[in-house]
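Here is a short report on one protein model. It covers strand pairing first, then the core, then the chain as a whole.

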Amino acid sequence: MYAIVEIAGQQFKVSKDQKVFVHRLASEEGTKVTFDKVLLVDDNGNITLGAPAVEGASVEAKVLQHLKGDKVIIFKKKRRKGYKKKNGHRQALTQILIEGISATGAKKKATKKADVEVAEGAEEAKPKAKATKTKKTEE
């Protein structure tokens, strides 16, 4: 079983007991987090595709540690101009462990009041029949 989930603006293909490095999350180490924006769930060949997310599906994970990624060097140069710039960047990352994928959960249901208001609004929105004029023919 695997799922495609959006975490911190990026999409990841995750399965149970998998460790993933994602952009820095605001949670503390050792806490459990739940991701509700599940885009696709594959349960042994039974694929559920969301539009844009699967209703009631979620992915539970545990924050293992916060760390920094490898250093990336940015070097800019314009030849024969004496222009050189060297800059570096280390991305702040969080390592998470996927503990479980639930394909079904509490589905959102519309309240009865909303259904009644929609039904009443639909009746009022119907256009009234227009009177048609018939052409008189001169005889």
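Ala3 has Val41, in strand 5, as its bridge partner. The model is predicted, and every value here is computed from it. Strand 1 spans residues 2–7 and strand 5 spans residues 38–43. These two strands run antiparallel and share 4 bridges.

Strands 1 and 5 sit within an open sheet of 4 strands. The order across this sheet is 2-1-5-6, and the pairing is antiparallel. Its edges are strand 2 (10–15) and strand 6 (46–49), each paired on one side only. Between neighbouring strands of the sheet, the average turn is 20°, ignoring direction.

Another pairing involves strand 4. It is antiparallel to strand 7, again with 4 bridges. Here Phe35 stands opposite Val59 of strand 7. The two pairings with listed bridge counts are set out below.

| Strand pair | Sense | Bridges |
|---|---|---|
| Strand 1 and strand 5 | antiparallel | 4 bridges |
| Strand 4 and strand 7 | antiparallel | 4 bridges |

Which way do the side chains of strand 4 point? They alternate along the strand. Val33 and Phe35 point to one face and are buried. Lys32 and Thr34 point to the other face and are not buried.

Next, the core. The largest nonpolar core holds 20 residues. Ile7, Phe35, Val59 and Ile96 have the most contacts inside it. Seen together, Phe35 and Val59 belong to this group and also stand opposite each other across strands 4 and 7. Several elements give two or more residues to the core: strand 1, strand 2, strand 3 (19–23), strand 4 (32–35), strand 5, strand 7 (58–78) and strand 8 (83–102).

What does Ile7 touch, leaving aside residues up to four places away in sequence? Its contacts are Phe12, Val22, Leu25, Phe35 and Ile96. Phe35 and Ile96 are themselves among the residues with the most contacts inside the core.

Finally, the whole chain. The protein chain has 8 strands and 1 helix. From the N terminus, the order of elements is β-β-β-β-β-β-β-β-α. The chain has 139 residues, and 22% of them count as buried. Its accessible surface is about 11400 Å². Carbon and sulfur atoms account for 50% of that surface. Take the contacts between residues at least 6 apart in sequence: 64% of them join residues at least 24 apart.

Terms used:
Residues are numbered from 1 along each chain as its sequence is written. This is a predicted model: local features need pLDDT of at least 70, side-chain atom pairs count only at pLDDT 80 or more; totals for chains, interfaces and linings use all residues. Side-chain values use heavy atoms; hydrogens and water are left out. Two strands pair if DSSP finds at least two bridges between them. Axes are lines fitted to C-alpha atoms, for helices over the stretch in contact, and angles run from 0 to 180 degrees between N-to-C directions. Buried means under 20% relative accessible area, exposed over 50%, partly exposed in between (1.4 Å probe, protein chains only). Contact means heavy atoms within 4.5 Å. Accessible areas come from the Shrake-Rupley method with a 1.4 Å probe; for residues, only the protein chains shown count as cover. A nonpolar core is a set of buried Ala, Val, Leu, Ile, Met, Phe, Trp, Tyr and Cys residues joined through side-chain atoms within 4.5 Å.
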